Amino acid sequence: MTILVEQPDFAIEVEEKKVSDQTGEENELVLDGEFVVPPTNAFGHTFRDYDVNSDRRDGVEEFYRINHINQSVDFVKRMREEYGKLDKVEMSIWECCELLNEVVDESDPDLDEPQIEHLLQTAEAIRKDYPDEGWLHLTALIHDLGKVLHLPAFGELPQWAVVGDTYPVGCAFDESIVHHKHFKKNLDYNNPAYNTKYGIYSEGCGLDNVLMSWGHDDYMYLVAKENKSTLPSAGLFIIRYHSFYGTL
């Protein structure tokens with residue numbers, strides 16, 4: 001798909017402030033533009049809390065257990081080679097969005113709704129906060145479209161190869177990665193070529209030269225890049241790394 005947008009002006013400031021309820025207690029974060037960040041997730045807990053006792057906890061940890069065992073350098077290279085061909089399906093953006101009615105992200109501790117709701121909510125929230133940045137609205141809308149990898153037409157990859165936080169492979173797995181303990185069964189964990197601080201990389205090599213775990217982020221980045229999307233580099237960066245919460 002080719003996406004036409006204007007180059008952005010990055011001189012944007014966002015004001016964060018607390019608002020009070022009728023009791024006078026501050027309980028919600030408001031970003032200038034009137035989008036309200038709720039104080040708790042869909043299950044009444046704080047966001048991205050992987051240890052809280054909830055209906056999602058065990059399933060999310062099991063997801064990461066399998067993910068961490070299987071996301072090796074060899075696996076990532078095979079997936080990038082296979083899906084970099086972009087020979088699966090040709091469709092419009094909205095057709096792809098509608099397919100996400102069939103995908104619920106097993107790695108998400110905060111939400112268990114079809115992913116089309118997530119992408120529409122994300123795009124609308126960003127539209128309110130940055131009304132003049134059309135490229136950013138579009139980036140928000142399509143950032144998770146790569147999750148169609150889980151569907152039959154795209155190879156029906158298991159969720160551990162599609163969703164979840166991403167992280168570098170080819171070097172020691174950082175302890176900041178959620179459920180880090182499960183990497184001990186990854187083939188690369190004890191491989192001296194991959195288990196040092198820098199592994200196959202050199203200090204300061206740049207994020208573009210780092211091989212990330214495979215999933216929807218990298219796939220959608222390849223789709224946009226290889227189809228010569230005119231999204232600005234910032235949009236492509238967001239798509240490629242929006243699930244990367246760890247450190248290097």
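**View 1. Y167 and F173 meet edge-to-face.** In this predicted model, Y167 is buried, with just 1% relative accessible area. F173 is buried too, at 8%. Their ring centres sit 6.0 Å apart with the planes at 85°, so this counts as an edge-to-face pair.

**View 2. F75 and W160 make a tilted aromatic pair.** Nine aromatic pairs turn up across the whole structure. For F75 and W160, the centre-to-centre distance is 5.1 Å, with 40° between the planes. F75 belongs to helix α2, while W160 comes from the loop between α5 (134-142) and α6 (216-226), so the pair ties together parts that are 85 residues apart in sequence. Both rings belong to buried residues: F75 has a relative accessible area of 8%, and W160 has 17%.

**View 3. K88 contacts E82 and lies over Y83.** E82 is part of helix α2, which covers residues 73-83. With 27% relative accessibility, E82 counts as partly exposed. Its side chain makes a polar contact with the K88 side chain at 2.8 Å. K88 also lies over the face of Y83, 5.0 Å from the ring centre. Y83 in turn joins W214 and Y219 in one aromatic cluster.

**View 4. Zooming out, the protein has seven helices and three strands.** Going along the sequence, the pattern reads β-β-β-α-α-α-α-α-α-α. Of the 248 residues, 42% are buried. Among contacts with a separation of 6 or more, 68% link residues 24 or more positions apart. The protein exposes about 13500 Å², with carbon and sulfur atoms supplying 48% of that.

Definitions and conventions
Residues numbered from 1 in each chain as written. Predicted model: local features only at pLDDT ≥ 70, side-chain atom pairs only at ≥ 80, totals over all residues. Heavy atoms only, no water. Helix = DSSP H or I, 4+ residues; strand = E, 2+ residues; numbered from the N terminus. Buried < 20%, exposed > 50% of the residue type's maximum accessible area, 1.4 Å probe, protein only. Polar contact = N/O pair within 3.5 Å; in protein donor to acceptor, adjacent residues only side chain to side chain. Contact = heavy atoms within 4.5 Å. Areas by Shrake-Rupley, 256 points an atom, 1.4 Å probe, with all protein chains shown as cover. Phe/Tyr/Trp six-rings, centres within 6.5 Å; stacked < 30°, edge-to-face > 60°. Lys NZ or Arg CZ within 6 Å of the ring centre and 35° of its normal.
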